[in-house]
Amino acid sequence: MGNSTSCCVSSSPKLRRNAHSRLEPYRPEPELSREDTGCNLQHISDRENIDGGCDPASSTHSDTGAAGLFSAHTLTRLAAATLHWHTLLVFGQLAHHLAQELNMEYNPSDHPRASTIFLSKSQTDVREKRKSLYVNHQHPSGPMRRKYSSCSTIFLDDSTVSQPNLKYTIKCVALAIYYHIKNRNVDGRMLLDIFDEKLHPLSKLEVPSDYDKHDPEQKQIYRFVRTLFSAAQLTAECAIVTLVYLERLLTYAEIDICPANWKRIVLGAILLASKVWDDQAVWNVDYCQILKDITVEDMNELERQFLELLQFNINVPSSVYAKYYFDLRSLSEANNLSFPLEPLSRDKAQKLEAISRLCDDKYKDMRKAAKKRSVSADNLTLVRWSPAIIS
């Protein structure tokens, strides 16, 4: 019995090997093996042999379906990778769209809630001025030059958001450009050739070799802007729109205004603002008469490239315009550049009274209409009884 038992035990593996030998035609071809294809992935049968420690019979049986399992596993990984890259592409496009919206939201020339660039750049100098005045025990506005209203006299300035004061608006715009140049980024941003004064001079005078080293003073910027506005007879609203276009150019084109390009950038902004704002715009040839050494072709090219850098976005919403106006007033107050105050005259008082009467009548009609709508359900109620006082 023992011999027969040992004989059966020894013959069992042979029978299994012979049985599996019939399945050899279904094995994968040699050119599809992992060594030939260079696949570095661990085979599923190898993981089973290492982890489970299966017997030779089970491992030999798993080899019969290796080709089918490997193909299904590879297709699953390819499908997962394709889905992963598609998801990344969708999220990348969504992130790019959200980034554009965020950039638009934080762009002060497009969004009314974003803070203006010139006001933020002036905060450092304003704090230093206040600190020095506090240390030296000086009054910020000088020896009491500011006028204050009293019961008998009311001081008002003639500047409003719809009709700003021309002279002081130009002064504020020049001050804003001055802070742009003074507190510019020094990270080596590119300088566009169309705005380079060395390549496109505004006069026949030789441009100094160090023209891009020295920052212009506020008075120099004011004289340049005032000359253009006086000769072209531009309005104060055009000065505010000029500042909007200037900051929009710096944001869109990702450039900085510096001593080498500030004149041509300001000239391009004024040229575009005058055509957008004024009904009877000044032609480019008229600027050639103001700046006698510049050609019409240069003005046309400046206008064309300025528009392209703005992405042809010349729209200025009323909310953005009002924000720039009040920020310019804040800038003037912080730099002791107050608008001129004059006593309220009889004529101005009558005009203010007439305007207030018109507004009062308008809002009175609106209140009546609102009151009718609010008490329209009173007709549905019955007779109301009110308590009487009997003496």
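Buried residues, meaning those under 20% relative accessible area (exposed is over 50%, partly exposed in between, with a 1.4 Å probe and protein chains only), make up 29% of the 391 residues in the chain. This is a predicted model, in which local features need pLDDT of at least 70 and side-chain atom pairs count only at pLDDT 80 or more, while totals for chains, interfaces and linings use all residues. Residues are numbered from 1 along each chain as its sequence is written, and side-chain values use heavy atoms, leaving out hydrogens and water.

Let's start with the overall picture. The chain holds 14 helices and two strands; these are DSSP runs numbered from the N terminus, with helices being H or I of at least four residues and strands E of at least two. Of the contacts (heavy atoms within 4.5 Å) with a separation of 6 or more, 79% are accounted for by residues 24 or more positions apart.

Now follow helix α10, residues 262-277, where you will find Val276. Val276 counts as partly exposed because its relative accessibility is 36%. Leaving aside residues up to four places away in sequence, Val276 touches Tyr245 and Ile314. The C-alpha atoms of Val276 and Ile314 are 7.6 Å apart, although 38 residues separate the two along the chain.

Helix α10 also takes us to the salt bridges, each a side-chain nitrogen of Lys or Arg within 4 Å of a carboxyl oxygen of Asp or Glu. The whole structure has seven of them. In one, Asp298 pairs with Arg264, with 2.9 Å between the closest N and O atoms. This pair links distant parts of the chain, as Asp298 sits in helix α12 (residues 296-309) and Arg264 in α10, 34 residues apart. Both partners are buried.

Staying in α12, we meet Arg304 and Glu301, three residues or about one turn of the helix apart. Their salt bridge brings the closest N and O atoms to 2.3 Å. Arg304, at 38% relative accessibility, is partly exposed, and so is Glu301, at 27%.

Further along, helix α14 (residues 346-374) holds Arg357 and Glu353, which are about one helical turn apart because four residues separate them. They too form a salt bridge, with the closest N and O atoms 3.3 Å apart.

Finally, look at helix α13, residues 318-334. Its 17 residues should span 24 Å at 1.5 Å a residue, and the end C-alpha atoms are indeed 24 Å apart, so the two agree; the expected span is 1.5 Å times one less than the number of residues. Among its buried residues are Tyr321, Tyr324 and Tyr325. After α13 comes Asn336, with a positive phi near 55 degrees.
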